Amino acid sequence: MTFDHMVKAIAAFERTLISGGSPFDAYVFGGEHAALSAQAKQGMALFYSPRVGCALCHSGFNFSGNWRDAQGETGRASFARNGTSAQPLRVPTLRNVALTAPYMHDGRFATLDAVLAHYSGLAERPGGAARIDRRLPRAPLSDAERAALGAFLESLTDRDFVARFADAPAR
């Protein structure tokens with residue numbers, strides 16, 4: 001047993017964990033228009049808008065940037081600067097993000113609203129967020145916009161997927 005083998009084993013296991021039953025999935029892939037609230041739909045529009053720019057980093061099926069599938073890679077792995085570290089970091093998935101607190105690479109934020117406030121605040125800094133990473137928000141977010149983005153992020157939670165693991169017997 002080596003560290004390298006452990007890392008590869010964990011990575012292989014994690015690739016088997018595919019979550020695709022969230023309200024977002026029902027709306028986008030299942031055509032269930034009532035699966036998302038009006039607020040979550042507004043948040044989705046903001047998420048994909050050029051002004052807010054979340055999808056510039058958090059793209060793809062898992063909202064984690066470029067990916068690899070049976071057809072090959074869509075590009076190099078996605079790294080971004082998030083305003084909390086001097087180094088660019090791998091873009092994490094947003095699938096089930098409402099259940100994965102604390103947030104950021106160092107756990108500095110306890111809530112998604114605190115994360116959204118952080119990104120909103122980057123746009124207010126001298127030189128703006130573009131100085132940190134050109135893909136970050138260009139303008140601060142209002143309280144209503146942060147609430148809408150929060151509702152959208154909550155819609156990425158696949159409660160059935162999570163419950164299957166919570167109810168699974170320990171091995």
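## A nonpolar patch on the surface

In this predicted model, a nonpolar patch on the surface is formed by Met 1, Phe 3, Met 6 and Val 7, which together have about 500 Å² of accessible area. One of these residues, Met 6, has its place in helix α1, and with a relative accessibility of 36% Met 6 counts as partly exposed.

The accessible surface of the protein chain as a whole comes to about 10400 Å², and 58% of that area belongs to carbon and sulfur atoms.

## The chain in outline

The protein chain contains seven helices and four strands, and these elements follow one another along the sequence in the pattern α-α-α-α-β-β-β-β-α-α-α. The chain has 171 residues, of which 36% count as buried.

Among the contacts in the protein chain with a separation of 6 or more, 57% are accounted for by residues that stand 24 or more positions apart. One pair that is distant in sequence is Leu 56 and Leu 136, which are 80 residues apart along the chain while their C-alpha atoms are separated by 8.3 Å. Of these two, Leu 56 lies in helix α4, which covers residues 54-57, and Leu 56 counts as partly exposed because its relative accessibility is 47%, a value between the limits for buried and exposed.

## The nonpolar core

The largest nonpolar core is made up of 28 residues, and those with the most contacts inside this core are Phe 47, Phe 152 and Leu 153. The elements that give two or more residues to the core are α2, α3 (38-48), α5 and α6.

When residues up to four places away in sequence are not counted, Phe 47 touches Gly 53, Cys 54, Ala 55, His 58, Phe 63, Leu 94, Leu 149, Phe 152 and Leu 153. Two residues in that list, Phe 152 and Leu 153, are also named with Phe 47 as having the most contacts inside the core.

## Ser 22 and its surroundings

Ser 22 has its place in the loop between α1 (3-14) and α2 (23-28). Because its relative accessible area is 2%, which falls under the 20% limit, Ser 22 counts as buried.

Leaving aside neighbours within four places in sequence, the residues in contact with Ser 22 are Arg 95, Ser 155, Leu 156, Thr 157 and Asp 158. With regard to Ser 155, its backbone oxygen lies 3.3 Å from a polar atom of the side chain of Ser 22.

## A salt bridge between buried residues

Side chains of opposite charge can pair when their charged atoms come close. In this structure the count of salt bridges comes to seven, and one of them is formed by Arg 95 with Asp 25, where the closest N and O atoms are 2.6 Å apart. The pair links distant parts of the chain, since Arg 95 belongs to the loop between β4 (89-90) and α5 (112-122) while Asp 25 belongs to helix α2, and the two are 70 residues apart.

Both partners are buried, Arg 95 with a relative accessible area of 6% and Asp 25 with a relative accessible area of 4%. Arg 95 is also among the residues in contact with Ser 22.

## A network around Arg 146

Another salt bridge joins the side chains of Arg 146 and Asp 113, with a distance of 3.3 Å from N to O. This pair, too, links distant parts of the chain, with Arg 146 in helix α6 (residues 143-154) and Asp 113 in helix α5, 33 residues apart. Of the two partners, Arg 146 is buried, with a relative accessible area of 17%, whereas Asp 113 counts as partly exposed at 41% relative accessibility.

The side chain of Arg 146 also meets that of Asp 143 in a salt bridge, at 3.6 Å from N to O. Because Arg 146 and Asp 143 are three residues apart in helix α6, they are separated by about one helical turn. Asp 143 is exposed, with a relative accessible area of 59%. Salt bridges that share partners join Asp 113, Asp 143 and Arg 146 into one network, and this network brings together a buried residue, Arg 146, a partly exposed residue, Asp 113, and an exposed residue, Asp 143.

Technical notes
Residues are numbered from 1 along each chain as its sequence is written. Side-chain values use heavy atoms; hydrogens and water are left out. Buried means under 20% relative accessible area, exposed over 50%, partly exposed in between (1.4 Å probe, protein chains only). A polar contact is a pair of N or O atoms within 3.5 Å; within protein, one must be able to donate a hydrogen and the other to accept it, and residues adjacent in sequence count only if both atoms are side-chain atoms. Contact means heavy atoms within 4.5 Å. Patches are made of residues with over 30% relative accessible area and no salt bridge: like charges are joined within 9 Å, nonpolar side chains (Val, Leu, Ile, Met, Phe, Trp, Tyr) within 5 Å. Accessible areas come from the Shrake-Rupley method with a 1.4 Å probe; for residues, only the protein chains shown count as cover. A salt bridge is a side-chain nitrogen of Lys or Arg within 4 Å of a carboxyl oxygen of Asp or Glu. A nonpolar core is a set of buried Ala, Val, Leu, Ile, Met, Phe, Trp, Tyr and Cys residues joined through side-chain atoms within 4.5 Å.
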